[in-house]
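Student: Please take a close look at a single part of this structure, a sheet and what packs on it. I am new to this structure, so give the terms as you go.

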Amino acid sequence: MQILSSAQALADCCRSWHKEGKTIALVPTMGYYHEGHMSLMDKARTLADKVVVSLFVNPTQFGPNEDYASYPRDMERDAAIAREHGADLLFTPSPDELYAPDAGTWVEVPEMGQLLCGISRPIHFRGVCTVCTKLFLLSQADYAVFGNKDWQQQAIIRRMVRDLFIPITIVGVPIARAEDGLALSSRNVYLTEEERAQAPEIHKGLVYAKTMVEHGETRANVLKEAVLRRWASTLPLGRLDYLQVIDSASLSQVEEITGPATMACAIKMGKARLIDNIQLN
């Protein structure tokens, strides 16, 4: 496995692979790998001849009061995991490598980026779209692999790729969960023992809503009220950021489930902000 930190070196390497007729799958990450990241790399390995994993804690997707400085990092461990899971190249740029001092170009999908997580994190998806566009252009990857836990992110990236005619296929991978159902996240390390014990109730609440849909309930307000009542007793340490029933593609809120719908949420627990979602139908 090569480890490169230069954007030009990444572009040169990927260009040479394409000249050889090789296909490339890209796995964009911010590191501190867990089983969820590993599943993305494993999927990428099945898609293409070469796998590029980017490891970059992107400063432009963090707000001024968020956890950029304290975001968990372990480069040596992450490199070993990427190697074990089939990465041919690990791209580890510095912020200065991807953002010039006078950089003034941004990519965003404003309407979708201002919903859900974008309400409390208004610049987040602009940073995500911009860095992903840079990675797509540098690698010229045929595939990019994202986890379904960040459903809003994936939907926005799909819309961005469609609108800009970027020749890349976005591949989603099912949410990786702990045995008790908690969606795996690098930020789970922030949870105290008591918070960690309650956190699986987030997923259990979403499953409860899905069960209601399977039994015929289609009203979004009824589903949300049922989940909130459940969380009131089972998740007392959780502080609701949002809980919405949305169109799975456009992310717009729905009042009645008539097509593909997703229930998505963000819950704050201590220092952690946990997101999760479930496909309702």
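Tutor: What follows describes one sheet, after a short note on the model and the chain. This is a predicted model, in which local features need pLDDT of at least 70 and side-chain atom pairs count only at pLDDT 80 or more, while totals for chains, interfaces and linings use all residues. Residues are numbered from 1 along each chain as its sequence is written, and side-chain values use heavy atoms, with hydrogens and water left out.

The protein chain has 11 helices and 9 strands; these are DSSP runs numbered from the N terminus, helices being H or I with at least four residues and strands E with at least two.

Now the sheet. Three strands form an open sheet in the order 7-8-9, with antiparallel pairing; two strands pair if DSSP finds at least two bridges between them. Strand 7 (239–247) and strand 9 (272–279) are the edge strands, each pairing on one side only. On average, neighbouring strands of this sheet are turned by 15° against each other, direction ignored. Axes here are lines fitted to C-alpha atoms, for helices over the stretch in contact, and angles run from 0 to 180 degrees between N-to-C directions.

Strand 7 and strand 8 (residues 261–269) run antiparallel and are joined by 8 bridges. Val245 has Met263 in strand 8 as its bridge partner. Helix 11 (residues 220–234) packs on the sheet and touches strand 7 and strand 8, where contact means heavy atoms within 4.5 Å. The direction of helix 11 makes about 155° with that of strand 7.
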